[in-house]
Amino acid sequence: MNSKDSHDRWWHGAVLYQLYVRSWLDTDGDGYGDLGGVIAGLDYLSWLGVDGIWLSPTMPSPDEDWGYDVSDYLGVHPDFGTLDDMDRLIAEARRRGMRVLLDLVPNHTSSAHPWFVDAAGSRGSAHRDFYVWAGPGPDGGPPNNWLDATGSPAWSWHEPTKQYYLHNFLPSQPDLNWWEPGVHEAFTKILRFWFDRGVAGFRIDVAHGLYKDAKLRDNPAETTGNPLAGRFGQQPAYSANRPETHDVYRDWRRIADSYPAERLLLGETWVADLARLASFYGNDDQLQLAFNFPFVFADFAVPDLPDVVAGTLTRLPAGACPVWMASNHDVGRFPTRWCDGDERKIRLALLVLATLPGTMVLYYGDEIGMTDVDVPLGLQQDKMSRGGCSSRGDGNGWQGSRDRARTPMQWDGSAAAGFTRAAAPWLPIGDSTTVNVADQRDDPSSVLSLCRDLLSLRRAEFGGQLVSYQPLPAPPGGWAYRSGSLTVLANFSGRPITCQDPGKPVLLCTTGAAPAAGNAAGDIVLAPWQGIVARTAGARQRQDAASTRERGWNT
Ligand code: GLC
């Protein structure tokens, strides 16, 4: 048995919860959520059945991109607390059997990071090569055609040293130069610093982007219109997606594996192609998890979703663990994107997410069916998507302001939704009188109760293992599959559909009323947008230790 085999792959069959710290719970009354709030919310997350939390960026930052512009990789943002608070959070989470993942931003830093400040000092400065600098192109303008995330040239002229520097996002987020060994050394130290403190892993920002083409060749045109294939008519074939990036993950994986409790690397792999997505898992020697954006952007329909699921599972290397999520701080909330706020669809989406094999990631508020909030222009905080359009006026690929999915958690029905005692929270609050934790917690028929039941079933059936997935025949509008010992039937249509009775017992149903019997023997009728989970006929309830084991862990 090699050391990897002896590791506990706790994320198999687990539930991660993305927590946008700034909007979770404000305990110091400044209108921003903080680490004290995360600690105060741990009992709730434990009650819900979460195995690990991924915190949106927590490191010091000037907040040009709300923490995705890091100015110190070894600290805690003063808005959120201190390193001691982070240590306390890790310990408190562990006491409840939960892991803490941080957000790591290795593609770029803030322009206020000491590395960039030094790099900008002179062409000969110690950190000059930590960033990507180049002279003008043949026409005297930027070195090539690359565009940043707002659709403007990805190069800014730096007058004092008379060169351009690269920024794939905002000009205040200069891209790091991964051809420079010093960058590798710096990140090795950063990884170890946090792993040594008991951080269980990282969500890696822009994971497909680290290396840039050494020759800085022009990006080719993008014509499919798929937001994952490119933006602003350009395919980031040379400004990102370079093969050398995989070497970084091989190195990091060796570091992750060197800890007694294997650390988790979860990539924000923003790629259109499932084969490319699969490549980030390598030969079980790169990332253990890679976010599946083709799934996120699939229509909430059949055969679209089942096709992506089947395509993913066919392409992932044997033993690789798929990840299913549908909302985040960039793409918006699935109760809006997929479901138009229709509660039947929200319930069905939760059922599907919770019964697919692999790792499930919830975004804060998914569990109560929180929808996007229309944030008026004057209150918008996100510079990159402000106004919902780019400097080129052709849409920013974010489909509106990203603030819509970053508004405060709706804890109760009071004016500030239990989020803050400040007069004004940093972003406006959605309709907390109709959707909030307090009301739903006490209501066994609520979305929250359904979600909790789903997570509990998931842990019992899938916890600690990768179960098999098998699609089953289904009538038009239906999706049926077997996942481990469970059979799932889902009606993705506004009409009743007749399916074969999966057998007893029906363990969960998205709506209160169980499906009616059909006309023919052995048939059942699913109501519009209804889903059920049953134990597969003949399958036994899982009895092994992993489903019930103590969730404590050692670092
Ligand atoms: C990732 C983050 C996004 C951020 C960008 C630049 O896509 O999820 O929020 O703006 O990277 O760091």
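These exercises work through the ligand site, a salt bridge and some backbone features of a predicted model.

**Exercise 1. The ligand shell**

Find which residues come nearest to the ligand, and sort the shell by class.

*Solution.*
Step 1. Collect the residues around the ligand; there are 14.
Step 2. Pick out the nearest. They are Asp65, Asp205, Glu268, His329 and Asp330.
Step 3. Sort the shell by class. It has 7 charged, 4 nonpolar and 3 polar residues.

**Exercise 2. Polar contacts and cover**

How far do polar side-chain atoms of Asp65, Asp205 and Asp330 lie from ligand oxygen atoms? Then state how much of the ligand the protein covers.

*Solution.*
Step 1. Set the cut-off: a polar contact needs N or O atoms within 3.5 Å.
Step 2. Take Asp65. A polar atom of its side chain is 2.6 Å from an oxygen atom of the ligand.
Step 3. Take Asp205. Here an N or O atom of the side chain is 2.8 Å from a ligand oxygen.
Step 4. Take Asp330. The distance from a side-chain N or O atom to a ligand oxygen is 2.5 Å.
Step 5. Turn to cover. On its own the ligand has 300 Å² of accessible area, and the protein covers 98% of it.
Step 6. Place the ligand. It sits in the largest pocket.

**Exercise 3. A salt bridge across the chain**

Which residue forms a salt bridge with Asp63, and where in the chain are the two partners?

*Solution.*
Step 1. Recall the principle. Side chains of opposite charge can pair when their charged atoms come close.
Step 2. Name the partner. Asp63 pairs with Arg22, and their closest N and O atoms are 3.2 Å apart. This is within the 4 Å limit for a salt bridge.
Step 3. Locate both. Asp63 is in the loop between β2 (52-55) and α3 (83-95). Arg22 is in the loop between β1 (15-19) and α1 (35-40).
Step 4. Judge the span. The partners are 41 residues apart, so the pair links distant parts of the chain.
Step 5. Set the pair in context. The whole structure has 35 salt bridges.

**Exercise 4. Unusual backbone geometry**

Describe the peptide bonds before Pro303 and Pro505, and the phi of Val206.

*Solution.*
Step 1. Start from the norm. Most peptide bonds are trans, and most residues other than glycine have a negative phi.
Step 2. Check Val302 to Pro303. The bond is cis, with omega near 5 degrees. Pro303 is in the loop between α8 (293-296) and α9 (304-315).
Step 3. Check Lys504 and Pro505. A cis bond joins them, with omega about -5 degrees. Pro505 is in the loop between β15 (497-500) and β16 (506-509).
Step 4. Check Val206. Its phi is positive, near 45 degrees. Val206 is in the loop between β7 (201-204) and α6 (245-257).

Conventions
Residues are numbered from 1 along each chain as its sequence is written. This is a predicted model: local features need pLDDT of at least 70, side-chain atom pairs count only at pLDDT 80 or more; totals for chains, interfaces and linings use all residues. Side-chain values use heavy atoms; hydrogens and water are left out. A residue is near a molecule or strand if one of its heavy atoms lies within 4 Å of it. A polar contact is a pair of N or O atoms within 3.5 Å; within protein, one must be able to donate a hydrogen and the other to accept it, and residues adjacent in sequence count only if both atoms are side-chain atoms. Accessible areas come from the Shrake-Rupley method with a 1.4 Å probe; for residues, only the protein chains shown count as cover. On a 1 Å grid over the protein atoms alone, a cavity is a set of points where a 1.4 Å probe fits but cannot get out, and a pocket is an open set with protein on both sides within 12 Å along at least five of seven lines; lining residues have an atom within 4 Å of a point. A molecule sits in a cavity or pocket if more than half of its atoms lie within 2 Å of its grid points. Ala, Val, Leu, Ile, Met, Phe, Trp, Tyr, Cys and Pro count as nonpolar, Asp, Glu, Lys and Arg as charged, and the others, Gly among them, as polar. A salt bridge is a side-chain nitrogen of Lys or Arg within 4 Å of a carboxyl oxygen of Asp or Glu. Helices (H or I, at least four residues) and strands (E, at least two) are DSSP runs, numbered from the N terminus.
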